[in-house]
Amino acid sequence: MLRYKYKITGLALVLIATALLTQSCHHNDSADDQKDEKFQVTDSLLNSLLIDTVKEASALSEINLTGSIAPDERKMVKIFPMVSGIAQDVHVQLGDVVSKGQTLAVMRSSEMAGFTKDYVSAEADLRSTKRAFESTQDLYKSGLASQKDFEQAQSDYQKAQAESKRAGAVININKSNAQGYVIKSPIAGFVIEKNLTDNTQVRTDNSQNLFTIADLSDVYVLINIYESDIANVQTGDAVKITTLSYPDKVFEGKIDKIYDMLDPDNKVVKARVKIENPGNKLKPEMFANVTIKAKSGENLPVINTRALVFDNDKNYVIVVDGKAHVHIQQVDIAKRVEDRAYIRSGVKPGDRIVASRQVYLFESLKD
């Protein structure tokens, strides 16, 4: 009886193990079915994804160079002395903002006294010769003066007019008041150079300017291009500029001029970029870091970096190769420039690639 009971128990264990194994097999089959169904690529799934088209473009390369800020020479004025004298009242300092016509300094000048004397004498002579001419003209018309007297009076009057105009022009150019010769700013801007202080003796034969005024609403960035990079930089290339003073502020522009001369000291060619200067933040002689987006001359397929999948030190994209058909494609990246990747191999222009949820598709297709 005991033996029979053990036989029944052993049979029961076999039946239980068989049932568990069968249940496990059914469970695994169900999980596989769910997995296959979960990652199945359907038309509706593709329609919900962002699809990019691979394009062909001239590859760009980034060249990092240095430069400096310079004023726009078309908006800059150097002020030289028109007369000799002694500066007695300098109103501005280096870096000051000045308006058009603002007085920069006043000088005591003996030359200005001479100009004033010449102007007063010319005006008096003009009035005198005018009266003489008008009187002689009346006498000539009545026959009481000869033609020679009339022509002489007319000539004296014309000479007096010419001298009055000359003396007036000199006075207008060399502005003065009761204090002396007045130096005024011809434009609005910043005082970026100042070579004059009170009691400085000024001479007209001095080649050094007294002031330099510059409008800094627009400035130039002068870029140093080394010989090895000259062939890669062209007029029209886009640039980004940062400075030590404003490291988080990026100024953008395009190269509008490349100078043909090589600097003999630094062995560089200068390129010029004109940029807007809101708030006049950029000052002349500031150091600048310049990044140039230069064309390499090589045509490569280009894609947006958002479509890339990075896995095990390799880059992949998901290529759409037909209706509801996709596959993983490894790509070799030649270079990256911001949000663009130039592809050396793996895809060609015209290929369609998935640009959203590509990591999810990659993991499902990889399995």
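This report describes a pocket, a sheet and one buried glutamine, Q358, in a predicted model.

## The largest pocket

The largest pocket of this predicted model holds about 180 Å³ of space. Its lining is made up of 13 residues, and those closest to the centre of the pocket are I79, M82, Y181, I183 and K184.

Two strands, strand 3 (76-79) and strand 7 (181-184), each contribute at least two residues to this lining, and the largest share, four residues, is supplied by strand 7. In terms of residue character, the lining of the largest pocket comprises 10 nonpolar residues and three charged ones, with no polar residues.

## The open sheet

Strand 3, which helps to line the largest pocket, also belongs to an open sheet of four strands, arranged in the order 3-10-8-5 with antiparallel pairing. The edges of this sheet are formed by strand 3 and strand 5 (97-98), each of which pairs on one side only.

At the strand 5 edge, two bridges connect strand 5 to strand 8 (residues 189-194), and these two strands run antiparallel. Within this region, V97 has F190 of strand 8 as its bridge partner. In general, the strands of a sheet pair through backbone hydrogen bonds, in either a parallel or an antiparallel manner.

## The surroundings of Q358

Q358 lies in helix 5, which covers residues 358-366. Is Q358 buried or exposed? Q358 is buried, because its relative accessible area is 7%, which is under the 20% cut-off for a buried residue.

When residues up to four places away in sequence are left aside, Q358 touches R306, A307, L308, V309 and I318.

Terms used
Residues are numbered from 1 along each chain as its sequence is written. This is a predicted model: local features need pLDDT of at least 70, side-chain atom pairs count only at pLDDT 80 or more; totals for chains, interfaces and linings use all residues. Side-chain values use heavy atoms; hydrogens and water are left out. On a 1 Å grid over the protein atoms alone, a cavity is a set of points where a 1.4 Å probe fits but cannot get out, and a pocket is an open set with protein on both sides within 12 Å along at least five of seven lines; lining residues have an atom within 4 Å of a point. Grid points are joined across faces, edges and corners, and a volume is the space filled by probe spheres set on the points. Ala, Val, Leu, Ile, Met, Phe, Trp, Tyr, Cys and Pro count as nonpolar, Asp, Glu, Lys and Arg as charged, and the others, Gly among them, as polar. Two strands pair if DSSP finds at least two bridges between them. Buried means under 20% relative accessible area, exposed over 50%, partly exposed in between (1.4 Å probe, protein chains only). Contact means heavy atoms within 4.5 Å.
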